[in-house]
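Me: I would like a close look at a single part of this model, namely one place where two helices pack together, followed by the salt bridges that belong with it. Please go through it carefully and keep the residues attached to the elements they sit in.

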Amino acid sequence: MIRQVIIAEGKSDIARIQRAVEADVIATEGYTLRPAVLRDIRAAYEKRGIIILTDPDGPGERIRARLAALFPGALHAFVPKDEAKTDDDVGIENASPASIRKALEKVRPCRQEDSRLFSAADLFRAGLSGGENSSAKRAAVGAILGIGWGNSRQFLKRLNHFGITREEWERALSACGEE
């Protein structure tokens with residue numbers, strides 16, 4: 001049983017998450033966050049803590065950012081986009097139970113300030129920006145680190161906000177064959 005309450009986007013996500021793990025889950029029901037939903041999330045945050053697990057797409061990232069601003073002590077879990085998509089849809093409801101469990105094993109807190117440990121030059125040297133396959137490489141490294149995919153700017157922000165260490169970075173790059 002996961003102690004924290006997982007915050008997902010919809011009922012289909014809840015069903016898929018509960019197939020993967022034993023946990024309480026609250027659906028945001030979209031970006032609007034009705035007052036009753038916000039009250040439920042706030043109560044969960046204050047009593048048990050929350051894990052934000054939104055879809056790996058634009059709307060999911062906007063919901064995650066809004067929740068992170070409202071609940072700065074929340075934990076974050078990311079299912080890689082390639083593990084949460086079908087031919088015409090991207091979402092947690094498409095992820096396998098194993099992918100969801102793997103994401104929840106890598107939950108991370110978000111720091112309020114940048115660690116500034118990583119720079120754009122680090123991404124470039126590792127081939128994660130400015131190259132032909134940079135996007136795919138960021139996705140692979142993000143999956144290993146448990147911080148999801150992002151464009152170069154987002155990815156750099158995640159490296160610094162989620163407390164990734166140089167050792168974790170080096171291990172992830174080695175695992176992807178990028179040194």
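Reply: Contact here means heavy atoms within 4.5 Å. The model is a predicted one, and under that contact criterion R138, V141, G142 and L145 in α6 meet S152, F155 and L159 in α7. Sorted by character, the residues of this contact of α6 with α7 comprise four nonpolar, two polar and one charged.

As for the geometry, helix α6 covers residues 134–145 and helix α7 covers residues 152–161, and the two pack at an angle of about 20 degrees with their axes 12 Å apart. Because angles under 35 degrees count as roughly parallel, α6 is roughly parallel to α7. The crossing in which α6 passes α7 is left-handed.

Helix α7 also takes part in a salt bridge to another part of the chain. R158 pairs with E61, and the closest N and O atoms of the two are 2.3 Å apart. R158 belongs to helix α7, whereas E61 belongs to helix α3 (residues 58–70), so that the pair links distant parts of the chain, 97 residues apart. R158 and E61 are both buried. Salt bridges that share partners extend this pairing, joining E61, R64 and R158 into one network.

A search of the whole structure finds eight salt bridges, and two others among them involve helix α8. One is formed by R108 and E168, with the closest N and O atoms 2.6 Å apart; R108 lies in strand β5 (residues 108–109) and E168 in helix α8 (residues 166–175), which places the linked parts of the chain 60 residues apart. R108 counts as buried because its relative accessibility is 12%, and E168, with a relative accessible area of 18%, is buried as well, the cut-off for buried being under 20%.

The other joins the side chains of D122 and R166, at 3.0 Å from N to O. Since D122 lies in helix α5 (residues 120–125) and R166 in helix α8, this salt bridge ties together parts that are 44 residues apart in sequence. Here the two partners fall into separate accessibility classes: D122, at 9% relative accessibility, counts as buried, while R166, at 28%, counts as partly exposed.

Taken together, helix α7 meets α6 through S152, F155 and L159, and through R158 helix α7 is linked to E61 in helix α3.

Methods:
Residues are numbered from 1 along each chain as its sequence is written. This is a predicted model: local features need pLDDT of at least 70, side-chain atom pairs count only at pLDDT 80 or more; totals for chains, interfaces and linings use all residues. Side-chain values use heavy atoms; hydrogens and water are left out. Axes are lines fitted to C-alpha atoms, for helices over the stretch in contact, and angles run from 0 to 180 degrees between N-to-C directions. Helices (H or I, at least four residues) and strands (E, at least two) are DSSP runs, numbered from the N terminus. Angles under 35 degrees count as roughly parallel, over 145 as roughly antiparallel, 65 to 115 as roughly perpendicular and the rest as oblique. A crossing is left-handed if the near helix is turned anticlockwise from the far one by less than a right angle, and right-handed if clockwise. Ala, Val, Leu, Ile, Met, Phe, Trp, Tyr, Cys and Pro count as nonpolar, Asp, Glu, Lys and Arg as charged, and the others, Gly among them, as polar. A salt bridge is a side-chain nitrogen of Lys or Arg within 4 Å of a carboxyl oxygen of Asp or Glu. Buried means under 20% relative accessible area, exposed over 50%, partly exposed in between (1.4 Å probe, protein chains only).
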